[in-house]
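Q: I would like to learn how to read a model of this kind step by step, beginning with confidence and ending with single residues. Could you take me through it?

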Amino acid sequence: MFAQVLFLMSAFLTIGCAIAVMVTKNIMHSCIFLLGSLIGVAGLYATLGADFVAVTQIMVYVGGIVILMLFAVMLTGGKDFVSRAQNLLGLAPAMGNKWTYGTGLFVGAVFLLTNVSLLMNVSKAYPVKNFGNEFPSTVSAIGKLLVKEHVLAFELSSVLLLGALVGAAIIARPRKQ
Amino acid sequence: MMGLTSYLVISLFLFITGLVVMISRKNIVAILLGIELILNAAALNFVAYSRYVTGNLDGHIFSLFIIVVAAAEAAVGLAIIIRFFQIKETIHIDEATQLRN
């Protein structure tokens with residue numbers, strides 16, 4: 001019962017905030033709605049029994065990436081920062097116009113129609129069953145997997161993070177006069 | 001209610017929303033927001049299949065690596081955006097036409 005209530009709340013939070021990210025005109029509000037959508041995805045991970053992934057999602061995305069994006073929005077708040085229109089398809093310079101929204105909705109509708117048949121047949125294509133309570137806590141199992149079987153990917157991801165951070169610091173350094 | 005199909009529907013919806021955001025927006029930060037939505041849809045699919053089809057933890061591991069790669073991508077992308085704003089004084093995507101000023 002509690003899991004179903006958590007699932008419904010997380011699903012509505014995820015979908016509603018994703019729609020709000022799509023239709024709002026202010027980039028600041030868009031970042032805040034993205035934060036709500038990511039929290040909803042973390043709740044969906046919790047209903048799937050993936051506790052470590054849910055906590056990592058909240059720590060990395062909500063605590064790191066969205067804050068970084070808010071900093072980037074505020075640092076690049078030029079002439080496009082304040083939206084000039086309140087309605088959806090009005091004249092806001094950097095947030096898209098009706099042609100780009102039309103193209104995006106058309107591509108989205110085509111993608112949806114091509115995937116509905118796949119979703120209808122997904123229970124026939126795979127032997128779906130619920131492995132629900134097999135992992136009461138996934139933390140120790142994920143730790144053992146990360147240092148035994150997936151140790152090469154683990155080390156490569158640390159190298160990737162080091163390279164990305166050094167590269168970001170070099171790219172965003174102040175310009176020489 | 002909580003089956004594999006419901007998670008797949010939510011994931012498909014997140015993917016389509018991210019796709020529409022990426023195509024329709026002209027702000028570079030908003031395009032990064034769409035990329036984050038698409039990566040979340042992929043990670044949610046991995047965890048849902050890991051519970052309902054395979055039954056082991058490989059989907060969780062893959063989801064964690066997706067989160068790591070998303071963090072690195074956001075850091076480099078935002079650095080590029082800040083550098084671009086220092087040069088062009090705007091973050092409109094149609095202004096990004098050259099590799100150097």
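**Reading the model, from confidence to single residues**

Buried residues make up 54% of the 101 residues in chain B.

Q: Before I trust any detail, what is the mean pLDDT of chain A, and where in chain A is confidence lowest and highest?

A: This is a predicted model, and pLDDT is the predictor's own confidence in each residue, on a scale from 0 to 100. For chain A the mean pLDDT is 82, with 81% of its residues reaching 70 or more. Among the helices of chain A, α5(A) has the lowest confidence, at a mean of 70, whereas α7(A) has the highest, at 93. Over residues 83-88 of chain A pLDDT stays under 50, and for this stretch the model has 13 contacts beyond four places in sequence.

Q: How many helices and strands does each chain have?

A: In chain A the secondary structure comes to seven helices and zero strands, and, read along the sequence, chain A follows the pattern α-α-α-α-α-α-α. Chain B comes to three helices and zero strands, its elements running α-α-α from the N terminus on. The radius of gyration of chain B is 17 Å, well over the 13 Å that the globule rule gives for 101 residues, so chain B is more spread out than a compact globule. Taken along the principal axes, the C-alpha atoms of chain B fill a box of roughly 50 × 25 × 15 Å.

Q: What share of the residues is buried in chain A, and what share of the contacts with a separation of 6 or more joins residues 24 or more positions apart?

A: Burial is read from a count of neighbours, a residue being called buried if 20 or more other C-beta atoms lie within 10 Å of its own. Of the 177 residues in chain A, 26% are buried, while the figure for the 101 residues of chain B is 54%. As for contacts with a separation of 6 or more, residues 24 or more positions apart account for 52% of them in chain A and for 45% of them in chain B.

Q: Which residues touch the most other members of the largest nonpolar core, and which elements supply this core?

A: The largest nonpolar core has 67 residues, of which Val29(B) and Leu44(B) touch the most other members. At least two residues of this core come from each of α1 (2-23), α2 (27-47), α3 (51-75) and α7 (151-171) of chain A, and likewise from each of α1 (4-24), α2 (28-54) and α3 (58-88) of chain B. The largest share, 15 residues, is that of α2(B). Domain 1 (1-77) and domain 2 (138-177) of chain A both give residues to this core, so the core lies between them. The C-alpha centres of these two domains of chain A lie 23 Å apart. To see one member in its setting, take Leu44(B), which, leaving aside residues up to four places away in sequence, touches Val41(A) and Leu44(A) as well as Tyr7(B), Ile10(B), Ser11(B) and Leu14(B).

Q: How many residues of chain A are in contact with chain B, and which helix of chain A gives the most to that side?

A: The contact joins 78 residues of chain A to 61 residues of chain B. On the side of chain A that touches chain B, α1, α2, α3, α4 (98-120), α5 (122-125), α6 (139-147) and α7 each supply at least two residues, and α3(A) gives the most, with twelve residues. By residue type, this side of chain A divides into 51 nonpolar, 23 polar and four charged residues.

Q: Turning to single residues, are Phe12(A) and Met120(A) buried or exposed?

A: The cut-off for exposed is 12 or fewer C-beta neighbours within 10 Å. Phe12(A), in helix α1 of chain A, counts as exposed with 12 C-beta neighbours inside 10 Å. Met120(A), in helix α4 of chain A, is exposed with 10 other C-beta atoms within 10 Å. Met9(A), found in helix α1 of chain A, has 13 such atoms within 10 Å and is partly exposed.

Q: How far apart in space, C-alpha to C-alpha, are Phe12(A) and Gly40(A), and how far apart are Met120(A) and Val66(A)?

A: Phe12(A) and Gly40(A), 28 residues apart in sequence, are 7.9 Å apart in space, C-alpha to C-alpha. Met120(A) and Val66(A) are 54 residues apart in sequence and 34 Å apart in space by C-alpha atoms. For Met9(A) and Tyr45(A), 36 residues apart in sequence, the C-alpha distance is 13 Å.

How values were computed: Residues numbered from 1 in each chain as written. Chains lettered and ligands numbered in written order. Predicted model: local features only at pLDDT ≥ 70, side-chain atom pairs only at ≥ 80, totals over all residues. Helix = DSSP H or I, 4+ residues; strand = E, 2+ residues; numbered from the N terminus. Rg over C-alpha atoms; globule rule 2.2 N^0.38 Å. Contact = placed C-beta atoms within 7 Å. Core = buried A, V, L, I, M, F, W, Y, C linked by C-beta atoms within 7 Å. Domains from an automatic or database assignment. Nonpolar A, V, L, I, M, F, W, Y, C, P; charged D, E, K, R; others polar.
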